[in-house]
Amino acid sequence: MPDITRRRALTGAAAVAATASVAALAAPAASAAGHHMPATPDSFDEVYKGRRIQGRPASGGGHHHEHGGGYGVFVDGVQLHVMQNADGSWISVVSHYDPVPTPRAAARAAVDELQGAPLLPFPAN
């Protein structure tokens, strides 16, 4: 049997490392394929920092391009557009770069960000 050279040993180690990397990258994709979004969140209606925030499953009569999974959030009666991310977190048009775990948390984050300013209606188009 021929002696293993340093070059062959390094090439073999690189091949093993590449195979392990591909397997590690494929595993999350396979588990994500079987992942289902969580059930629709519970409704809420509360006063937070002097603002009335509400959330409930949306009725069928609203926008057809809902990203919030058919869930409506309101601040003082004005709709806060929310969207559920693929990982189950939520964002709003007000706090778009700060994902939170629930629509209630998104409403509270919007109130915090508004700092007393009114939420203006978001144009549909």
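Here are some notes on this predicted model, mostly about Glu 46 and the charged pairs around helix α2.

1. Overall layout. The chain has two helices and six strands, and from the N terminus on the order reads α-β-β-β-β-β-β-α. So much for the outline; the rest of these points go through the strands, then the charged side chains.

2. Burial and surface. Of the 125 residues in the chain, 26% are buried. The exposed area comes to about 8600 Å², with carbon and sulfur atoms supplying 60% of it. If you look at contacts with a separation of 6 or more, 41% of them are between residues 24 or more positions apart.

3. The β1-β2 hairpin. Strands β1 and β2 pair antiparallel, over five bridges. They make a hairpin with two residues between them, and Lys 49, in the turn, has a positive phi of about 50°. Worth a look when you have the backbone on screen: Glu 46 in β1 has Ile 53 as its bridge partner in β2.

4. On to β3. Strand β2 is also joined to β3 (residues 71-75), again by five bridges and in the antiparallel sense. One pair to find here is Gln 54, which stands opposite Phe 74 in β3.

5. Glu 46, buried or exposed? Glu 46 counts as buried because its relative accessibility is 17%, and the cut-off for buried is under 20%. Glu 46 sits in strand β1. Leaving aside neighbours within four places in sequence, its contacts are Arg 51, Arg 52, Ile 53, Arg 104 and Arg 108. Two of those, Arg 104 and Arg 108, come back in the next points.

6. Arg 104 to Glu 46. These two side chains meet in a salt bridge, at 2.4 Å from N to O. The pair links distant parts of the chain, with Arg 104 in helix α2 (residues 103-114) and Glu 46 in strand β1 (residues 44-48), 58 residues apart. Arg 104 has a relative accessibility of 29%, so it counts as partly exposed.

7. Arg 108 to Glu 46. Arg 108 forms a salt bridge with Glu 46 too, and the closest N and O atoms are 2.8 Å apart. Arg 108 lies in helix α2 and Glu 46 in strand β1, so this pair ties together parts that are 62 residues apart in sequence. The side chains of Glu 46 and Arg 108 are also listed as joined by a polar contact of 2.8 Å. At 30% relative accessibility, Arg 108 is partly exposed.

8. Asp 112 to Lys 49. Here is a salt bridge that reaches the hairpin turn: Asp 112 and Lys 49 meet through their side chains at 2.8 Å, N to O. Asp 112 is in helix α2, while Lys 49 is in the loop between β1 and β2 (51-57), and the two are 63 residues apart. Asp 112 is partly exposed, with a relative accessible area of 33%. Lys 49, on the other hand, is exposed, because its relative accessible area is 61% and the cut-off for exposed is over 50%.

9. Putting the charges together. Which residues do shared salt-bridge partners join into one network? They are Glu 46, Arg 104 and Arg 108. In total the count comes to five salt bridges, among them the three described above: Arg 104 with Glu 46, Arg 108 with Glu 46, and Asp 112 with Lys 49.

Key
Residues numbered from 1 in each chain as written. Predicted model: local features only at pLDDT ≥ 70, side-chain atom pairs only at ≥ 80, totals over all residues. Heavy atoms only, no water. Salt bridge = Lys/Arg side-chain N within 4 Å of Asp/Glu carboxyl O. Helix = DSSP H or I, 4+ residues; strand = E, 2+ residues; numbered from the N terminus. Buried < 20%, exposed > 50% of the residue type's maximum accessible area, 1.4 Å probe, protein only. Pairing = 2+ DSSP bridges. Polar contact = N/O pair within 3.5 Å; in protein donor to acceptor, adjacent residues only side chain to side chain. Contact = heavy atoms within 4.5 Å. Areas by Shrake-Rupley, 256 points an atom, 1.4 Å probe, with all protein chains shown as cover.
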